[in-house]
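Here is a short report on charged contacts and surface features. Keep the sequence and the model open while you read.

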Amino acid sequence: MKARLRIVPCDLDQANSFVARHHRHHPPVRGHKFSVAVVSEVLAEVVVGVAIVGRPNARGLDDGWTLEVTRNCTDGTRNACSALYGACARAAFALGYTKLITYIGSNESGLSLKASGFKCVAEVKGRSWSCPSRPRVEGLSPLQDKLRWEVMA
């Protein structure tokens with residue numbers, strides 16, 4: 001049976017709880033602008049995925065008009081990622097933002113992003129955020145090459 005999906009509101013605690021249980025390699029986030037969940041109507045409204053949207057992590061992209069999908073996490077339900085990316089874009093643009101970005105590993109296909117209208121715009125080399133003036137704890141997230149995707153209003 002094909003899963004019928006529906007986007008529902010979700011607070012940060014609920015989203016982070018789902019991320020902690022299901023995300024392959026990233027921990028929960030500290031803050032956000034908004035979060036959404038997707039539920040399966042076939043599975044009695046069970047949450048099958050969440051997305052968390054916040055300010056861009058890269059300071060150079062934080063222009064006041066751009067948001068970043070910092071987590072998109074599902075239990076593997078077909079089309080849940082695409083539904084979440086699309087909902088995040090619609091919500092961001094409804095709030096007046098003009099660009100939504102996200103990053104995926106360079107080894108990932110980006111199919112859900114393409115289906116949601118995102119375009120791949122940059123390759124980003126994996127590197128540490130730690131520097132002498134602001135040391136960071138390593139090991140929370142993997143250092144890997146990434147692809148930046150964006151969609152414009």
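The report covers salt bridges, a nonpolar patch and one backbone angle.

This is a predicted model: local features need pLDDT of at least 70, side-chain atom pairs count only at pLDDT 80 or more, and totals for chains, interfaces and linings use all residues. Residues are numbered from 1 along each chain as its sequence is written, and side-chain values use heavy atoms, with hydrogens and water left out.

**Salt bridges**

The structure holds 6 salt bridges. A salt bridge here is a side-chain nitrogen of Lys or Arg within 4 Å of a carboxyl oxygen of Asp or Glu. The table lists some of them, with the distance between the closest N and O atoms.

| Pair | Closest N and O atoms |
|---|---|
| R4 and E41 | 3.5 Å |
| R6 and E41 | 3.2 Å |
| R55 and D62 | 2.5 Å |

E41 forms a salt bridge with R4. That pair links distant parts of the chain, 37 residues apart: E41 lies in the loop between β2 and β3, and R4 in the segment before β1 (5–10). Strands such as these are DSSP runs of E with at least two residues, helices are runs of H or I with at least four, and both are numbered from the N terminus.

R6 also forms a salt bridge with E41. Here strand β1 holds R6 and the β2–β3 loop holds E41, with their positions 35 residues apart. R4, R6, E41 and E45 are linked in a network of salt bridges.

How accessible are these side chains? Buried means under 20% relative accessible area, exposed over 50%, and partly exposed in between (1.4 Å probe, protein chains only). R4 is partly exposed at 48%. R6 is partly exposed at 36%. E41 is partly exposed at 30%. In the remaining tabled pair, R55 is exposed at 54%, while D62 is partly exposed at 25%.

**Nonpolar patch**

V42, L43 and V46 form a nonpolar surface patch, with about 220 Å² of accessible area together. Patch residues have over 30% relative accessible area and no salt bridge; nonpolar side chains (Val, Leu, Ile, Met, Phe, Trp, Tyr) are joined within 5 Å, like charges within 9 Å. Areas come from the Shrake-Rupley method with a 1.4 Å probe, and for residues only the protein chains shown count as cover. L43 sits in the loop between β2 (34–40) and β3 (46–54). L43 is partly exposed at 46%.

**Backbone**

N79 has a positive phi of about 70° although it is not a glycine. Most residues other than glycine have a negative phi. N79 lies in the loop between β4 (66–74) and α2 (80–94). N79 is partly exposed at 44%.
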